[in-house]
Amino acid sequence: MSDPPPIVTSIIGTGSYTPERVMSNADIEKIVDTTDEWITTRTGIKERRLAADGEATSDLAAIAARRAMDDAGVSADEIDLIIIATISPDMFFPSTACFVQQKIGAQNAVAYDISAACSGFLFAIQQANQSMCSGASKTVLVIGAEKLSTFINWEDRATCVLFGDGAGAIVMRSGEVKNGHKVISTDLGTDGSKTDILKIPGGGSALPLTCENISERPNTIYMEGQEVFKQAVTAMSRSCVHALEKAGITQEELSLVIAHQANKRIIDAIAKRLGLSEKQTFINLHKYGNTSAASIAIALDEANREGRLAPGDNLLLVAFGAGLTWASAVVKW
Ligand code: ACO
C-alpha cells in the first residue's frame, strides 16, 4: 500500500493593524539627543506607531486577526487554533492568545502564546504547520503582535529610536484549498549561548523588579547593537539558503523576500550576500520601525494588499531575534 499524500498547508488570508499615533524621528529628537539624519542613515527608520494608553497587545492582535479572517472569508467559530507570537504580552498569564480568543469570539479554538522574539511569527507558522500536518488542527490563526513601547527606555537613544507597536495575522488551513498560498519549507534555529546581547533582563524570575532596582529600568530592552547586527546578517543569510535548499528553488526564482524589518542596512547586507535585487526585497520599516514578532506579519499583509504577490510567485520570509533565534519560510503564492 502506498503512503498517503503529505498534508499541505496554506495561507488563506492576511491582515494587520498599526496604531494611529505616529512618532516621527523629529518627535524623538525632542526626547533624546539624536537626529533624523542619524536614525535614517543607520537604520532607514523615519517613523514608528505607538499604541494608545489602555490599548494592549491583545487589542492590536484582535483587529489584525479580524482583518485576516475577513480576507480569508473565515468565521471565528471555524478557527480551531490561535497561536500568538509576542514578547510584549498583556500580562505573564493568562496568555495574550486567551484574551484574543475572547475578543474575536473564537470559542472553539485552543489558544496559546509563543516567545521567540522577532522570529516568533515564523516559529508560530511552523507550529501551525505541524499541528495541521498531525491532523490536530484544520484552521489556524497565526498572529504576531507587539506593544514594545511599554518596554522601551525612552532615555536610551541607542534603543528607543528602533522600535514600534503593531500586529499582523494570517489564517492558515490544511488540505488542498482554492487560492491558498502553500508553505513549501521552513528552517528554524536557536543559539542560546548569546542570550546576553539582546534582552529585557528584569521583571522575570531571574531579576524581579524591586524598589531598589526599578530606577535602573531593568524591565526595558537592552541591546549590544553591533554584535546583534553581525549575528543577524550571518544567521538570516544562512537560514535563507537552508529554506531555499529544502524548497528546491534558487534565489533567482524568488519574486519577493520579506525579511524582519529591523534595519535597512541588515536587509541590504543579506540581499548582497544572496545576490538579490532591490525589486526582490520588501521594505516598510521606514513607517513602523522594528515591531519584533509583528514585523513580518505586517509586511506580508501590506505586500499582499499592495499586489506585490501574484499567483505562482515564490516568497521567502526570514527573521532574526533575541535568543538568538532565526527562521525562514518559503511560500508558493
Ligand atoms: N542618535 C545619535 N547617536 C547615537 C544614537 C542615536 N539614536 N544611538 C547611538 N548613538 C551613538 C553612540 O553613542 C555612539 O557614539 P560614540 O561613538 O560617541 O560612542 C555612536 O552613535 C555609534 O554607536 P553604535 O552603537 O556603534 O552605532 P551603530 O553604527 O552600530 O548603529 C544600531 C547602532 C543602529 C543600533 C546598529 O548597531 C544596529 O542596527 N544594530 C542591529 C540591531 C538591530 O537591528 N536591533 C534590532 C533588534 S534585532 C531584533 O530585531 C531582535
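Where is the place of Ser 292? I found Ser 292 in the loop between α9 (285-288) and α10 (295-305). Helices here are DSSP runs of H or I with at least four residues, strands are runs of E with at least two, and both are numbered from the N terminus.

**Setup.** I am working with a predicted model, in which local features need pLDDT of at least 70 and side-chain atom pairs count only at pLDDT 80 or more, while totals for chains, interfaces and linings use all residues. I number residues from 1 along each chain as its sequence is written, and side-chain values use heavy atoms, with hydrogens and water left out.

**Entry: Ser 292 and Arg 217.** I looked up backbone angles next. Most residues other than glycine have a negative phi, and most peptide bonds are trans. Ser 292 is not a glycine, yet its phi is positive, about 50°. I noted Ser 292 as buried, at a relative accessible area of 1%. The term buried means under 20% relative accessible area, exposed means over 50%, and partly exposed is in between, with a 1.4 Å probe and protein chains only. Arg 217 also has a positive phi, of about 55°, although it is not a glycine. I place Arg 217 in the loop between β9 and β10. Its relative accessible area is 32%, so Arg 217 is partly exposed.

**Entry: cis peptide bonds.** I checked omega at two bonds. The bond from Phe 93 to Pro 94 is cis, with omega near 0°. Pro 94 sits in the loop between β4 (81-85) and α4 (96-104). The bond from Gly 323 to Leu 324 is cis as well, with omega near -5°. I find Leu 324 in the loop between β12 and β13 (325-332).

**Entry: the ligand shell.** I listed the residues around the ligand, where near means that one heavy atom of the residue lies within 4 Å. There are 23 of them, and Thr 34, Arg 42, Gln 226, His 260 and Asn 263 come nearest. By class I get twelve nonpolar, eight polar and three charged residues. For these classes, Ala, Val, Leu, Ile, Met, Phe, Trp, Tyr, Cys and Pro count as nonpolar, Asp, Glu, Lys and Arg as charged, and the others, Gly among them, as polar.

Which elements each supply at least two residues of the shell? I find α2 (36-43), α6 (157-160), α7 (225-247) and β12 (314-321). The largest share, four residues, comes from α7. Why does the ligand lie between domain 1 (9-174) and domain 2 (182-332)? Both domains give residues to the shell around the ligand, so the ligand lies between them. The domain bounds come from an automatic or database domain assignment.

**Entry: polar contacts of the ligand.** I took a polar contact as a pair of N or O atoms within 3.5 Å; within protein, one must be able to donate a hydrogen and the other to accept it, and residues adjacent in sequence count only if both atoms are side-chain atoms. An N or O atom in the side chain of Thr 34 is 2.6 Å from a nitrogen atom of the ligand. A polar backbone atom of Arg 157 is 2.9 Å from a nitrogen atom of the ligand. An oxygen atom of the ligand has a polar side-chain atom of Asn 263 at 2.4 Å. The protein covers 74% of the 990 Å² of accessible area that the ligand has on its own. I note that accessible areas come from the Shrake-Rupley method with a 1.4 Å probe, and that for residues only the protein chains shown count as cover.

**Entry: Thr 35.** I find Thr 35 in the loop between α1 (25-29) and α2. Thr 35 is partly exposed, at 36% relative accessibility. Its side chain reaches the backbone nitrogen of Trp 38 at 2.9 Å. Thr 35 and Val 161 are 126 residues apart in sequence, with 9.9 Å from C-alpha to C-alpha.

**Entry: Thr 220.** I place Thr 220 in the loop between β9 (198-199) and β10 (222-223). Thr 220 is buried, with 8% relative accessible area. Its C-alpha is 7.6 Å from that of Gly 202, 18 residues away along the chain.

**Entry: helix α5.** I looked at α5 (residues 120-133) last. The helix has 14 residues, and eleven of them are buried. Among these are Phe 121, Leu 122, Phe 123 and Ile 125. Gly 135 follows α5 and has a positive phi, near 90°.
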